[in-house]
Amino acid sequence: MNCLTKEFAKLTFRCGQYPFSKILGGVRYKIRYVEKPQIGNGKSFRRIVHYPTDYTVKPLNVTNLGGRDPKSGRLVVKGIGGGIKHKYHWIDWKRVGPSEGPPQVERVIKIIKDGCRTAFVALVAYEDKLKYILATENMKAGDLIRTSCYIPRIPVRPNEGDAYPLGALPVGTQVHCVEMYPGMGGNLIHAAGTYATIVRKAPDNHVVITMPSKREFSLPATCMCTVGRLSNVEHSSTPIGSAQKNRELGNRPRSGLWQRKKGIHGRKLRKPPPLRTIKALEKDNTETIVLTCDRPFVKTLYTQFRY
Amino acid sequence: MKKSVVLFRQHIGWHFTKHWRVQGKRKLLETGAEKALKEKQLPVYQAEDILKEERQYERIQVIGYKDKPVPLDENHPNWHNRPLLSYRDNNVLLEGLTQAKILTNTVQLKDGLPERISLKNFTDGENNHIKSIILQSHVFDAEQKKLPKIKDPERPAWNFPRSYGITQKRRNQLVISGLMQLVESLSTQDLVKDRVILNDLIFSYPFLKYDDLIQFQLTGDAVVLSSKPLSPITIEPTEGIALEDITPIKPTITLNIDNIYEIKEIYPIKSYVKKSHPHTVFINFDKEEVQNIYEEEITHTQIFGRSLLKAFTVSASYARQMYGKDVKLLPKPVTVQSVQTDGHFYHFGIFQLNTLDLEGGETKNIWYQTPLLNLFHNCSYKVGKPVLEGYNEEVVKHLYAFYNNN
C-alpha cells in the first residue's frame with residue numbers, strides 16, 4: 001500500500017505550466033509559516049477604526065479584532081474579545097494655534113462619554129468647524145479654551161484645557177496630551193485622570209516633564225501640550241465590579257493565577273531610570289527586500305518523492 | 001531498537017529554512033551607483049519597470065440592465081466649484097434657536113405668543129372627543145411595522161425584543177388630521193371654506209449671506225393654506241434690537257457643505273391658485289431621522305431652531321414669489337405659523353418676515369414661540385387596557401387658536 005502511494009505521488013499531470021503533483025502529497029501535514037507582528041509597537045489589536053479621508057466628528061465605525069492581527073488573522077494578544085461595540089470618536093490630536101498674536105479661542109459644546117477610551121471626550125467648536133479633544137477634569141459645556149503656538153519670554157498663565165508649547169508654560173504646571181516630537185500630535189498621557197508635571201528647563205531648548213510613571217522625559221520646548229489633568233479621575237479607583245462587566249468591556253476571562261515574575265502584579269521598587277532625552281530620529285528609508293525560496297534546501301528521500 | 005539516534009538526528013534542511021527566514025530579509029546597501037550615474041546624467045530605471053511586460057488593455061463598453069451611477073466628483077453634471085451650505089429636513093443647528101435667529105436676522109420681542117392668540121376653553125364632550133382621537137392614533141391604529149431598536153444606556157449589553165406597532169410618521173399624520181378635523185368642525189363654516197390642508201409640500205429658498213451661498217430646502221409635512229394672507233402681528237420697530245452673539249462660532253456651523261447641488265427656488269403653490277397663501281406649517285419630528293452630526297441627543301433649543309428655519313423658508317419663498325426676486329424690505333410683512341410635533345410634544349411658533357435683507361439690515365424679522373408642550377403623559381396599553389394619562393388641554397387650545405387666527 002505504501003509503495004502504491006509513493007508511485008501515485010510520482011505521477012504528475014501537466015496542464016500548461018502547473019504541475020498538480022503537489023496536491024497528491026499530504027496537505028494535512030503541510031506547514032505554512034506565518035509571520036506574526038511584534039506586540040508593543042503602538043499598534044492596537046483590539047479594533048481597527050475605519051477613518052475617512054477628511055476629519056469628521058461623526059462617530060466612526062470600527063471592526064473589533066479580538067486580539068488578532070488583521071493581516072495574518074492569527075491571535076497575537078490574549079485576553080481580548082467580545083464586549084459592547086462602540087463607535088469611535090476621532091480625536092483631533094494636533095492643537096494648532098497662531099504662532100504669533102492673540103491665541104485662537106474655541107468653545108466647549110458638550111462633554112461626551114466615549115466607549116473606546118477611559119477619559120471623556122469634549123466636543124469643541126470654533127468658526128465653522130467642530131472637533132473632539134480629550135476633556136480635562138473640570139471642563140464643562142460653555143467653557144472657552146485657547147490655543148497658541150507662540151513661546152513668550154515670560155511664561156503664560158494658562159487655564160485648564162488650553163494648549164500651549166511646553167516652553168510657554170510655567171514650571172509646576174500639570175499637562176497632558178503631550179507631543180513627543182513637534183508637529184506629531186499629542187501622543188503621551190491619554191488615560192483617565194493622568195497628568196505630567198513640568199519640572200525644569202533643560203539645555204538645548206528642552207523641557208523636562210515627569211510622566212505618571214515617575215519617569216522623566218526631556219522634550220523639545222516647541223512640543224504642544226494641553227494644560228490640566230484628564231477627566232474621569234475616579235476611573236482608576238472604581239472597581240470593575242463583576243466578571244460580566246469585564247466581559248462587557250471586551251476583556252476575556254483571566255486565569256486568576258498569581259504570576260510573580262510577569263510584572264503584572266506590581267513592579268519592583270528600584271531607582272527610576274535616568275532622564276530620557278527625546279530627539280527626532282533619522283528616518284531609515286532604505287528598502288527591505290524579502291527573498292523567497294520555493295524549493296527545499298536539502299534533497300531528502302521524502303522531498304525527492306514529493307517534488 | 002533504540003529510536004533516540006534517529007530522533008536526535010539533525011535535519012540540516014530545517015535549519016536552513018529557519019535561518020533563511022531571518023537572513024532572507026535584506027536591507028539594500030547604498031552603493032552610490034545611482035548618484036554617480038545621475039551625475040553623469042545617465043537615466044536610471046527600476047529593474048521591475050524594464051522587466052515588466054507592457055500590456056495594453058482595451059476598454060469594453062458593457063451594456064448593463066441600468067446605467068452606472070455617476071461618480072460624485074468634479075465630472076458630475078451638478079458639480080460647482082463654489083460650495084453650497086444647505087439645511088435639509090434631517091439637519092439641526094449646533095446652537096439651535098440662537099443660531100437660527102442670527103442666520104435669519106430675527107429677534108424675539110417677548111416670551112410666549114402674541115396677545116392676539118386667545119385660547120378657547122373646550123367642553124367636556126369636546127375633550128372626550130380629543131382623547132379618543134389621541135387614543136385612536138397612538139394605540140388603536142392597525143398598523144404593525146417594525147419599530148426602531150430600543151437601547152438602555154444603563155444596560156448597554158441588553159438586547160430588547162424588537163417591537164412592532166404604529167410608526168411615528170403614521171401616528172403624527174393620524175393625530176394631526178384627526179385634531180384638525182375636530183378644529184374645523186368647531187370653527188365657523190365661512191372660515192373653513194377659506195382654508196385647505198395639503199401634505200408634503202417642498203419649499204426651497206437660496207440666498208447669499210456674507211459671501212456664503214446658503215439654501216434651505218425643507219418639507220412642510222402638512223401645510224394649511226388660506227385664501228387671504230395672515231395679517232401682520234406687530235408693527236413695533238425692530239431697528240434698535242441687536243442680534244445675539246455666538247463668537248467664536250460662525251452662524252453657518254453644521255450646515256451641510258456640498259459641491260454637488262442644484263439651486264432651486266420653490267414655493268409649491270402658484271400665485272394664481274385661490275388658496276395659495278401660507279397660514280400654518282406642521283413639522284414632523286422623528287428622532288430617528290433628525291440627528292446631530294455627532295449623533296448625540298437633540299436639545300430643546302435645536303428643536304426650536306428647526307421650527308424657526310422651516311417657518312422662515314415657507315415665508316421667504318412665498319415672499320419671493322409675491323414681491324419678486326430682488327425684494328429686500330417687504331411692502332407688507334408675511335406671517336406664518338408653525339407647529340412642530342413628534343406626536344407627544346408640541347411646539348408652537350409664529351414668524352413675521354419683515355425683510356429679506358439678512359446681512360445685518362436694520363429691520364429685523366420677529367419670532368414668537370411657546371415652550372415645548374406635552375399633549376399627554378402616557379398613552380399606551382397598561383395591563384392590557386388602553387390608557388391615556390396626563391392629558392393636556394393646552395395643546396389643542398393652541399391648535400384651535402392658530403387655525404382661527406386671521
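Start by showing chain A and chain B together in this predicted model. Between them, the two chains bury about 2,800 Å², and 64% of that area lies on carbon and sulfur atoms. Now select Trp20(B), Pro248(B) and Tyr294(B): this trio supplies 21% of the area that chain B buries against chain A, more than any other three residues.

**Both sides of the contact**

How many residues does each chain bring to the contact? Chain A brings 35 residues and chain B brings 29 residues.

Next, look for charges. The interface of chain B and chain A holds 6 salt bridges. To see a salt bridge up close, select Glu295(B) and Lys87(A), whose side chains meet at 3.8 Å, N to O. You can also hunt for polar contacts across the interface of chain B and chain A: 13 residue pairs make them, with both partners at pLDDT 80 or more.

Which elements of chain B give two or more residues to the side that touches chain A? They are α2 (12–23) and β1 (25–27) of chain B. Color α2(B) brightly, since you will want to find it again: with 6 residues, α2(B) gives the most to that side. Sorted by class, the side of chain B that touches chain A has 13 nonpolar, 7 polar and 9 charged residues.

**A strand pair across the chains**

Now select residues 288–290 of chain A, which form strand β16, along with β1(B). The two strands run antiparallel and are joined by 3 bridges. Zoom in on Ile289(A), and you will find Arg26(B) of β1(B) standing opposite.

**Two backbone details**

Go back to Pro248(B), one of the trio from the opening stop. Pro248(B) sits in the loop between β7 (212–226) and β8 (256–260) of chain B. Is the peptide bond from Thr247(B) to Pro248(B) cis or trans? It is cis, with omega near 5 degrees.

Then jump to Glu127(A), in the loop between β6 (121–126) and β7 (129–134) of chain A. Here phi is near 45 degrees, a positive value in a residue other than glycine.

**Two annotated stretches of chain A**

Select residues 67–147 of chain A, which UniProt lists in an unreviewed entry as "Large ribosomal subunit protein uL2 RNA-binding". This stretch is 0% helix and 31% strand, and its end C-alpha atoms are 37 Å apart.

Finish with residues 158–274 of chain A, listed by UniProt, again in an unreviewed entry, as "Large ribosomal subunit protein uL2 C-terminal". Here the chain is 5% helix and 23% strand, with 30 Å between the end C-alpha atoms.

Definitions and conventions. Residues numbered from 1 in each chain as written. Chains lettered and ligands numbered in written order. Predicted model: local features only at pLDDT ≥ 70, side-chain atom pairs only at ≥ 80, totals over all residues. Heavy atoms only, no water. UniProt positions renumbered as here; feature names shortened; annotations may be inferred. Helix = DSSP H or I, 4+ residues; strand = E, 2+ residues; numbered from the N terminus. Contact = heavy atoms within 4.5 Å. Buried area = accessible area lost by both parts, 1.4 Å probe. Salt bridge = Lys/Arg side-chain N within 4 Å of Asp/Glu carboxyl O. Polar contact = N/O pair within 3.5 Å; in protein donor to acceptor, adjacent residues only side chain to side chain. Nonpolar A, V, L, I, M, F, W, Y, C, P; charged D, E, K, R; others polar. Pairing = 2+ DSSP bridges.
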